[in-house]
Every structure is written in C-alpha cells, then in structure tokens.
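Here is a friendly walk through one protein model, written for someone who likes to know the cut-offs behind each word. Take a look at the sequence and the structure first.

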Amino acid sequence: MRLKSLIVLGISLAITDYAPCAAKVYDQASMNDTIPDKYFNNREEKLFPTSFNPPLTDNGGQPPFKYPFALSPRNIYANGWARQVSARELSISKKMSGVQMRLIMGGVRELHWHVDSEWAYMIYGEARVTAVDELGRAFVDDVKQGDLWFFPGGVPHSIQGLRNGAFFVLVFDNGMFNPLQTFGLSDWLNHIPRDVLAKNFGVSKSVFNNLPRKSLYIFGAEFPKPLAIERAEAERGTGPMPHSLAFFASKMKPNVTLCGGEVKIIDKNNFPATNTAAAIVRLKPGTIRELHWHPNDDEWQYYIEGEGRTSVFYGNGQARTLDFQTGDVGYIPKSLGHYVENTGNVDLVFLEVFATPYYEDISLGSWLAHTPTTLVNSHLHTGLNFLKSIDKDKTPIRE
Ligand code: MN
Ligand code: MN
C-alpha cells in the first residue's frame, strides 16, 4: 500500500513539476541540456547571448569590458540629471570615465571646473556652452545633435539646454573621475568670507546677500540671449579663444564613406583645441568595423544607437566576446585586437574615444597587405592569391 502511494506520488510529482514546463534547450550547439526556463534570468541572458553561448574562438573567461548606463543610478535635479560609469563601476576603465547628462530647456550645468579634461558628444537636442581660458579669452557657442566639445582640464565652463534641452555623454581622461566632486562656482563662493569677496571685487558685502546657500550643480535659469549677443558680451576686452572648443561633427564630411557605413575622425588634426581623439562610426546591418588595435591609447566606447558585438583578443590564447546595446559603455585596453560587428537590423552608431590628441589604429588588413607575401603565407597557408588581393589602402568598414 505504502509502495503504491509512493509510486502514485512519484507520478503526480512528475506531472506537476515537469510536464507543464516545456524545458528550453539553451545550448543547442554543444549540449542536449534541458534546464527549466525559470532558473535563468531570461532577460539578461538575451542581452548577453555570447556569454551564454560564447563563440568557440572565445577562451579564458576575461571579466566583462562593458557597463550599461542603465545600471547607474541617476542623480536627479529639477532641471536635469546625471549618472556615471567610471572605474568604480567598470574596473577595466582605468584611464577614462563617462557621464550621461540631461538638461531640460533652460537647465544649466553650473559654472564649474575640474582637474580632468572633458570631451562631450551631443546625442540629442542642443546646448549653449561657455568657457574662459587662462588669458581671460572667451568661448561661447551652440552645439547640437552630432556635435562635440572639449574643455581642457582646469578651464571653467558651463552647459545650458536650449530648445528640446540637451542629452549628451561626457568623457573624462581619468578612470576615477567623480562628476559630483567638481569645483562649482556657488560652492566656492559660499566658502569664502564675505569681506574677502567684497575686497576681491571692490564692492560692498551686501552685493553677495543673495548668493545661493547650497551648490547649484544643475538648476533652472533664464533662457540665454541670442548667441551673437552673448558671445560679444563675453569676449569684450580679451577677445575669443584662438581655437574653438566646439567641433561641428554633424556637418563634417566623413573621413571614410563606404557602402557598409562611415567613419568620422575628430582629433588634433582637425580640432586643434582637443587633447582627446575620437571616431564616430556608423555601420550598416551585418557589416564590421575591421579587425584592428590602437597602439597609442585605451579605447572608451559608447553605443549611441543599435546593437553590436565585439571580440577582444588578450594574447596567450585568450579572447572574449560581448554584445552591446544603446547606452552601453565599452572599454578596450591599448593594443588589444578587436572588431565591432553590427548584429542588429538598423544602423549601429558608436563612439571610439581616446584620451590622447591623435587618433591611431593598426589594421590587420594593412599589416598583412604590407608584409612580404611569402612570409605571411608561411604563417597562414592561405595562398598568395588571397594575400595579394587584400586592400593596400585601409578599409575600416567591411561587409
Ligand atoms: Mn564639466
Ligand atoms: Mn577600436
């Protein structure tokens, strides 16, 4: 009797626990494994398909070289917000940190400065940016979607959202940059004795009666006057900076235009004020940013639109592949070989940023095309016809 009920119980368990769960086969490539869906974080697994099923060429289990801004908490103010991805979140990003910032129309990122330099790309909307250099020379300009700016370390500046506000990504040349620990105008003036302030400007203390009591950081302000008027006002007496701190990449002709996409390179060659180099890359679905590495600096990536996949080669038989989506940061240390593939159905647009004045990459294609073919063939056994067919010119995008 007892045996019977156990058998019955066993059957009923089998029915309630297994029959209703159509177990999914996750790893179709190498294992006929059937683990019920509920034991997986299916949303995350879908975001990282090459972590669940790494290409057979991956090996070594390197830590992730990506961090989604979506995981970073927003610091929310009445007129905008900011959040960061630094080496605190993504330990590999030793040389650069990123901040996503939103300013609604009229919202101002307070006049401030910081030790590290700031490179920025306008993702959406437009902003009025200002700065003053060591000779008191002024910079005032309006940047819109697809444009960028560079504020050298120590140079005081501000950003104000114009129509539609502004949404942009900032890149600092320090992995440990903390956007909340900058030198703000209101904060400083609050920590100077009033009589010193009065003496400094030769006015009475009462001038400073209405100073804000706490740091403004992001706040609502009067909409700026037309650009020409504000620029003339700022430049009075000292004139403009010799080199603009803005670069209108939205109007720039790409350095490379191919069927598969385009590349714009912005560095000290065409943007003399910058000490940060960048490439804005657009890839059509299915195309790749060719196999290459950067000999002169780490690469900080930001995925603006679309979906992509990158494999990084670490040497000694080690490689890791990761999938990227809009709003992700990627980080590829100097000289590690990699590619970026558009794995989505729409264009993939991403930034490559380097905390160095000039952009440099070394292409696998160029390397093989400009090395004696007999020597290369002795390594790869591909045949001379293939080696002779490789483009002699760099082809950064390939279909
Ligand atoms: Mn700043
Ligand atoms: Mn690269």
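The report below goes from the whole chain to its sheets, its core and a few single residues.

## Ground rules

This is a predicted model, in which local features need pLDDT of at least 70, side-chain atom pairs count only at pLDDT 80 or more, and totals for chains, interfaces and linings use all residues. Residues are numbered from 1 along each chain as its sequence is written, while chains are lettered from A and ligands numbered from 1 in the order in which they are written.

## The chain as a whole

The protein chain has nine helices and 24 strands. Both kinds of element are DSSP runs numbered from the N terminus, with helices being H or I of at least four residues and strands being E of at least two. Along its principal axes, the C-alpha trace spans about 100 × 75 × 35 Å.

Of the 399 residues, 33% count as buried. Here a residue is buried if 20 or more other C-beta atoms lie within 10 Å of its own, exposed if 12 or fewer, and partly exposed in between, with C-beta atoms placed from the backbone. Among contacts between residues at least 6 apart in sequence, 75% join residues at least 24 apart; a contact means that the C-beta atoms of two residues, placed from the backbone, lie within 7 Å.

## A seven-stranded open sheet

Seven strands make an open sheet in the order 1-20-17-22-15-14-13, and the pairing is antiparallel. Strand 1 (66-68) and strand 13 (256-258) are at the edges with a single partner strand each, so one side of each has no neighbour in the sheet. On average, neighbouring strands of this sheet are turned by 15 degrees against each other, direction ignored; the axes are lines fitted to C-alpha atoms, for helices over the stretch in contact, and angles run from 0 to 180 degrees between N-to-C directions.

Two strands pair if DSSP finds at least two bridges between them. At one edge, strand 1 pairs with strand 20 (residues 328-332) in the antiparallel sense over three bridges. P68 has D328 in strand 20 as its bridge partner.

## Strand 6 and its partners

Strand 6 (residues 118-132) is mostly covered, with 12 of its 15 residues buried. Which strand does strand 6 join through 12 bridges? That is strand 9 (residues 157-172), running antiparallel to strand 6, and in strand 9 the bridge partner of V129 is I159. Strand 8 (residues 148-151) also pairs with strand 6 in the antiparallel sense, over four bridges, and there W119 is matched with F150.

Strand 7 (residues 138-144) pairs antiparallel with strand 6 over seven bridges, including one between A127 and V143. These two strands form a hairpin with five residues between them, and G136 in the turn has a positive phi of about 75 degrees. D142 is also found in strand 7; D142 is partly exposed because it has 18 C-beta neighbours inside 10 Å. Leaving aside neighbours within four places in sequence, D142 is in contact with E126, R128, L162 and L227.

## The nonpolar core

In soluble globular proteins, nonpolar side chains tend to be buried together. A nonpolar core is a set of buried Ala, Val, Leu, Ile, Met, Phe, Trp, Tyr and Cys residues joined through C-beta atoms within 7 Å. The largest one here has 73 residues, of which L148, W149, F168 and A278 touch the most other members. Beyond its neighbours within four places in sequence, A278 is in contact with W119, I266, L351, E352, V353 and F354.

## Loops and positive phi

Most residues other than glycine have a negative phi. S335, in the loop between strand 20 and strand 21 (337-342), has a positive phi near 70 degrees. With 13 other C-beta atoms within 10 Å, S335 is partly exposed.

Helix 8 (residues 373-380) is hardly covered, as the count of buried residues among its eight is zero. After helix 8 comes H381, with a positive phi near 55 degrees, in the loop leading to helix 9 (384-389). Is H381 buried or exposed? H381 is exposed, because 7 other C-beta atoms lie within 10 Å. G202, in the loop between helix 5 (194-201) and strand 11 (218-220), is exposed too, with 6 C-beta neighbours inside 10 Å.
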